[in-house]
Amino acid sequence: MATYKKRGGKPKTKVEKQSQLEENSTTAEVFNTLDEGASRTEAWVEKNQKYILITVGAVALCVLGYLGYQQFIQGPKESEAMNEMYQAQDYFEQALTATAKDSLYNLSLNGGEGQYGFLDIIDNYGGTPAGNLANYYAGMAYINTGEYQKAIDHLDDFKSDDAMLGPLAKGAIGDAFAQLGQPDDALGYYEKAVSLSDNEVTAPRFLLKAGLTAMSLNKFDVALKHFNRINEEYPKSAEATKANLYIGQAEAMQE
């Protein structure tokens, strides 16, 4: 049967006395080592305290500076940019249904009635969401006024994860390249537009354009791939009926 051996009693034999001396010595060494380590750490901190405080202060300033920038500069700037863009958007929307479209598109680009146009928004608020959106509007305005290279430049600067705007921007770049007589580039951008979203509005639209452009390049196998995808994935779309017609043509041209 195991028994509990009480510790801390007075040693009775010579062996016990020696054992207790060694144990006390070892414990003392451990505490001495810890004390020495702590002393070295304290000495290092004391010696480098100035640099530590500078580093901590710098990090704190960066964090506070970022928070302050977001709250007091970036936030108000974004709100101001959206307000400034209102008139340009109004001109653009009027141009969509107006007879004299070019003049309204030009007003949307360059401003009127003392208000900014999209180009001013881009120049003055380039780092804001409004500045980014202004690139989209400017690109579309240039498409509609026949300035295709400028349209490409602005639409290429526009960045969006939106399921509609992203594909529409890439598809519009494809349209601009098609107008410039660069069908290979146009095909690439139509395919990029399709890859960004499989929604039922933009995907069949740009699949059809991709198929037609591929046919113009005598890439009938590529054209068939795009037309067949419309039939398989978007059979109820307006483009599906046209795709069926072009499938027959592409198959005939392929033979």
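Reader: Which residues in helix 4 do Ala88, Tyr91, Phe92, Gln94, Ala95, Leu96 and Thr97 in helix 3 meet?

Author: This is a predicted model. Helix 3 covers residues 86–97 and helix 4 covers residues 101–110. By class, their contact has eight nonpolar, three polar and one charged residues. The residues met in helix 4 are Lys101, Leu104, Tyr105, Leu107 and Ser108.

Reader: Are helix 3 and helix 4 roughly parallel or roughly antiparallel to each other?

Author: The axes of the two helices come within 8 Å and cross at roughly 165°. Angles over 145 degrees count as roughly antiparallel. Helix 3 and helix 4 are therefore roughly antiparallel.

Reader: What is the handedness of the crossing between helix 10 and helix 12?

Author: Helix 10 spans residues 202–216, helix 12 spans residues 238–254, and their axes lie 10 Å apart at an angle of about 20°. With angles under 35 degrees counted as roughly parallel, the pair is therefore roughly parallel. The crossing of helix 10 past helix 12 is left-handed.

Reader: How many charged residues are in the contact of helix 10 with helix 12?

Author: From helix 10, the contact takes in Pro204, Arg205, Leu208, Leu212 and Met215. They meet Glu239, Lys242, Ala243, Tyr246, Gln249 and Ala250 in helix 12. Divided by class, these residues are seven nonpolar, one polar and, for the charged class, three.

Reader: Is Ala130 buried or exposed?

Author: Ala130 lies in helix 6, which runs over residues 129–144. Its relative accessibility is 1%, and the cut-off for burial is under 20%. Ala130 therefore counts as buried.

Reader: Which residues does Ala130 touch, not counting residues up to four places away in sequence?

Author: One of them is Ala81, 49 residues away along the chain. The C-alpha atoms of Ala130 and Ala81 are separated by 5.8 Å. The full list of residues touched is Ala81, Met82, Met85 and Ile121.

Reader: How many helices does the protein chain have?

Author: Along the sequence, the pattern is α-α-α-α-α-α-α-α-α-α-α-α. The chain has zero strands, and its helices number 12.

Reader: What share of the accessible surface of the protein chain belongs to carbon and sulfur atoms?

Author: The chain has 255 residues, of which 33% count as buried. Its accessible surface comes to about 16300 Å². The share belonging to carbon and sulfur atoms is 54%.

Reader: Among contacts between residues at least 6 apart in sequence, what percentage join residues at least 24 apart?

Author: Ala130 and Ala81, 49 residues apart along the chain, are a pair beyond that separation. For the protein chain, the percentage is 50%.

Key. Residues are numbered from 1 along each chain as its sequence is written. This is a predicted model: local features need pLDDT of at least 70, side-chain atom pairs count only at pLDDT 80 or more; totals for chains, interfaces and linings use all residues. Side-chain values use heavy atoms; hydrogens and water are left out. Axes are lines fitted to C-alpha atoms, for helices over the stretch in contact, and angles run from 0 to 180 degrees between N-to-C directions. Helices (H or I, at least four residues) and strands (E, at least two) are DSSP runs, numbered from the N terminus. Angles under 35 degrees count as roughly parallel, over 145 as roughly antiparallel, 65 to 115 as roughly perpendicular and the rest as oblique. A crossing is left-handed if the near helix is turned anticlockwise from the far one by less than a right angle, and right-handed if clockwise. Contact means heavy atoms within 4.5 Å. Ala, Val, Leu, Ile, Met, Phe, Trp, Tyr, Cys and Pro count as nonpolar, Asp, Glu, Lys and Arg as charged, and the others, Gly among them, as polar. Buried means under 20% relative accessible area, exposed over 50%, partly exposed in between (1.4 Å probe, protein chains only). Accessible areas come from the Shrake-Rupley method with a 1.4 Å probe; for residues, only the protein chains shown count as cover.
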